[in-house]
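Open your viewer and get ready to click along. We'll go stop by stop.

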Amino acid sequence: MGDSLRGDTQILAPGETSPGSRDASEREKAWEKNTLQPMLEKSPERQREFTTLSDHKIRRLYTQADLPNWNADRNIGLPGEPPYARGIHATMHRGRLWTMRQFAGFGAAEDTNQRFRYLLSQGQTGLSTAFDLPTLMGYDSDHALSEGEVGKCGVAISSLADMEVLFDQIPLANVTTSMTINSPAAVIWAMYLAVAEKQGADWKKISGTLQNDILKEYIAQKEYIYPPEPSMRLVIDTFEFAVKNTPKFNPISISGYHIREAGSTAIQELAFTLRDGLEYVEWGMRRGLDVDQFVPQLSFFFNAHSDFFEEVAKYRAARRIWHKAMVERYGSKSPRSWALRFHTQTAGCSLTAQQPYNNVVRTALQALAAVLGGTQSLHTNSLDEAWALPTEFAATIALRTQQIIAHETGVTNTVDPLGGSYFVEALTNEIERGAWDYIERIDAMGGMVAAIERGYPQREIAEASYRYQCELDKKEKIMVGVNDFVSEEKQLDILQIDDTVAHRQAERLSKLRAERSIDEVERRLNALRKAAEGKDNLMPYIFDAVKSYATLGEICDAMRVVFGTYEEVAIT
Amino acid sequence: MPEKKIRVLIAKPGLDGHDRGAKIIARALRDAGMEVIYTGLRQTPEMIASAAVQEDVDVIGLSILSGAHNTLCPQLMALLHDKGMDDVTVLVGGIIPEADIAALKKAGIAEIFLPGTSTQDIVEFINKRMIH
C-alpha cells in the first residue's frame with residue numbers, strides 16, 4: 001500500500017501525465033510511518049487505486065511535495081492577471097455574477113418565443129437558442145429528410161420570417177443571445193442581424209454568441225454539411241464580419257462540451273478544444289486579420305461533468321494554456337486576447353433516465369464546479385433531459401439551482417476560493433501537462449484539420465468512451481440508479497412536441513414562397529453562388545439572400561453546389 | 001466446429017449525429033464475437049433496408065436519440081417487409097418515451113433498450129434470440 005505513495009515510472013499514453021518524482025518532507029515521511037501505516041494495517045482503503053471520472057490517478061494526500069518548484073506568483077498569479085489561473089476578472093463573481101443562460105428551443109418559433117419570455121420573466125439573464133436537427137443540418141422544415149424531426153430537438157427556423165417570430169417582443173438591443181448553430185451559422189446569424197436591424201438595434205451594441213465551431217462537429221457532434229476547407233472559410237468570414245460590424249458579438253464559441261459528451265476524458269476535452277481554438281486563430285491570421293483584433297471576440301464553451309475537482313482544475317488549466325499560447329505562439333500584445341472567457345453547461349451525458357430527480361443533485365454539483373472554476377455563463381440541465389426537452393417545471397428548477405448557488409451558498413463571496421489547495425493546484429498542473437501533450441501531437445500532424453482528416457481525435461474519444469462503458473458494465477465506475485442503487489420509479493411527465501409543428505411550418509413556408517419575389521431571391525442566391533466560387537467574404541451575400549426571404553435550405557444549397565458535402569469515414 | 005457468426009447491422013437513421021452509443025454497441029457486439037457492420041451517420045430507412053439485404057444480416061440495431069423514432073421505425077419495418085426480410089430482428093436503442101414503446105413493438109421492433117442498459121444485456125438478448 002505504501003508503494004502507491006511513490007510516483008512510479010511507466011510508459012504513459014498521450015494525455016496521461018507522470019506524477020513525477022516526489023520529494024516528501026521529513027514530517028510527511030514520519031506521518032507515513034507513524035500514522036498512515038498503522039491505519040492502513042488496521043483498515044485498508046476501499047480501493048487499491050483511486051481515479052477521476054476520466055481515469056486520472058489521484059493520490060491519497062497532496063502536500064507541498066506535489067508542487068515542486070511551484071510559485072504562486074508565477075503559476076497562478078492574481079485574478080484578472082496572467083496567467084489567469086485564478087480567473088479573468090479581479091473581482092470575479094463579487095463584481096458580477098455569471099450569466100444564467102438556459103438553452104431553450106422546441107417546436108415552432110412561436111412556441112420557443114413564449115418559453116424565452118417566460119425564462120426572462122423568471123430572472124434569467126441571457127437567452128440561448130436550441131435549433132432542431134433540420135435547421136442544424138441546413139434543411140428547411142418541408143425537406144424530405146426533415147420528416148419526423150421538425151421542432152423535436154429545438155426550434156425550427158427556415159427563414160427570416162421564423163426568426164422574426166422567435167424574437168418577437170424581445171429587444172435584441174438589451175438581451176444577449178447565444179445561438180447553438182454550426183454548419184449554417186453564418187445564415188442564422190444573418191437572420192438574427194436582420195431582426196436586430198428591423199428592431200432598430202445598433203449592431204455595434206448588440207451582444208451574444210454564435211456557436212459556429214465546425215471543428216468540433218467533425219470531431220464529435222457530426223453536424224457538418226461542407227468539407228473542412230470551405231467550412232473554415234465561412235467561420236473566418238464571420239470573424240472578419242464581426243470585427244468590422246459587431247464588436248460586442250462573439251462570432252464563435254469554441255466548444256469542448258460536445259467532445260466530452262461524445263465520451264472524451266477531461267484532458268481530451270481541454271486539449272482538443274484549445275487546439276481547435278489555435279486552429280481558428282491561425283486561419284484568422286492567414287486571412288490577414290491581426291491577432292489582437294479578432295481573438296478578443298473568440299469565446300469558449302466547456303462541459304461541467306461530475307468529477308468535481310477534475311472539472312475545476314480543467315477550467316483553471318484552460319485559462320493558463322490559452323494565455324501561454326497567445327503570448328508565446330502568436331505574439332499577442334493585448335490582455336483581451338489572453339483571457340479565456342467561457343460558457344459552461346452541466347453534463348447531459350451524466351443525467352440518468354432512471355430516478356430522474358437525482359439529476360437535480362448531479363446538476364447542482366456540476367454547476368458548483370463551473371462556478372468555482374470561474375465560468376462567465378452557465379446552463380444547468382433539467383432533470384428530465386435524459387428523456388426529452390425539458391418541461392417548464394423542470395427548466396425552472398434548473399434555473400433556480402443556479403440562483404441558489406449564487407445567492408445562498410456563499411461561494412461567490414471570495415475570488416477563486418480553491419486557489420492554493422495542494423490538490424487543486426497539482427491537478428491543474430497535471431491536466432495542463434496532459435493537454436499540452438495532445439496539443440503538441442496535433443501540431444506535429446500539421447494542425448487540427450489534418451488531425452481530423454486522419455481520424456485522430458475521433459479515435460481517441462471512441463477509445464475513452466468505450467473504456468468508460470466497460471468500467472460501468474464491470475461496476476468499476478458507479479452511476480447511481482443505473483448500475484447500482486437501482487430502484488423502481490414511475491415515469492415522469494415529459495414534454496411532448498406537438499405533431500402540428502411540421503404542418504404549421506410547411507404551411508408557413510409555402511405561404512412565404514408564394515409571397516416573396518422569386519426573381520429577387522434567385523438573383524441574390526446566384527450572387528452568393530458566384531461569390532462562393534471566388535474569395536469574397538460571404539457574409540454580405542448571405543445577409544442579402546436572407547433579407548429577400550430566401551430560405552435556410554436554399555441558401556445552404558447554393559453553397560452545397562459550390563462546396564460539396566462531407567462524409568466521414570466512420571470509426572468504431 | 002466453427003459456428004456461423006451472428007451478423008449485425010448497426011445503423012443511425014435520421015439527421016442526428018450523436019453516435020457515441022452506436023459506436024459503443026458496435027464495438028461491444030464485435031468483442032462478443034459478432035460480425036458488425038456500422039452504416040455511419042444519416043441513413044434513410046431505404047439505405048438501411050438495402051444494407052440489411054446486401055449484408056444479409058440477422059439483426060439490425062437502430063440508434064435513435066432525436067425523437068424521430070415514431071416516423072423512422074415503421075418506415076424501416078415496412079421496407080424490410082417489402083424486401084422479404086421479415087425474419088430479421090430489429091432492435092432500437094436510445095431515448096424512447098415509455099408511451100411510445102407499445103406502438104413500436106407492434107410495428108415489429110423486437111426490443112427497445114433504454115439509456116443505462118449494459119452492453120452485456122444486449123449481447124445476451126441477441127444470443128438468446130438467435131438460438132431460437
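Start with strand β2 (residues 35-38) of chain B: which side chains point to one face and are buried, and which point to the other and are not? Val36(B) and Tyr38(B) are the buried ones on one face, while Glu35(B) and Ile37(B) point to the other face and are not buried. Buried means that 20 or more other C-beta atoms, placed from the backbone, lie within 10 Å of a residue's own; exposed means 12 or fewer, and partly exposed is in between.

A word on what you're looking at: this is a predicted model, where local features need pLDDT of at least 70, side-chain atom pairs count only at pLDDT 80 or more, and totals for chains, interfaces and linings use all residues. Residues are numbered from 1 along each chain as its sequence is written, and chains are lettered from A and ligands numbered from 1 in the order in which they are written.

Now add β1 (7-11) of chain B. β1(B) and β2(B) pair in the parallel sense over four bridges (strands pair if DSSP finds at least two bridges between them). Look for Val8(B), standing opposite Val36(B).

Next, select helix α2 (residues 45-55) of chain B, where Pro45(B), Ile48(B), Ala49(B) and Ala52(B) are buried. They cover an arc of only 100° around the axis, which puts them on the same side of α2(B); the arc is that of the directions from the helix axis to the C-beta atoms. Turn to the face away from that buried side and you'll find the exposed Glu46(B) and Gln54(B). Just after α2(B) comes Asp56(B), with a positive phi near 50°.

Terms used
Helices (H or I, at least four residues) and strands (E, at least two) are DSSP runs, numbered from the N terminus. Two residues are in contact if their C-beta atoms, placed from the backbone, lie within 7 Å.
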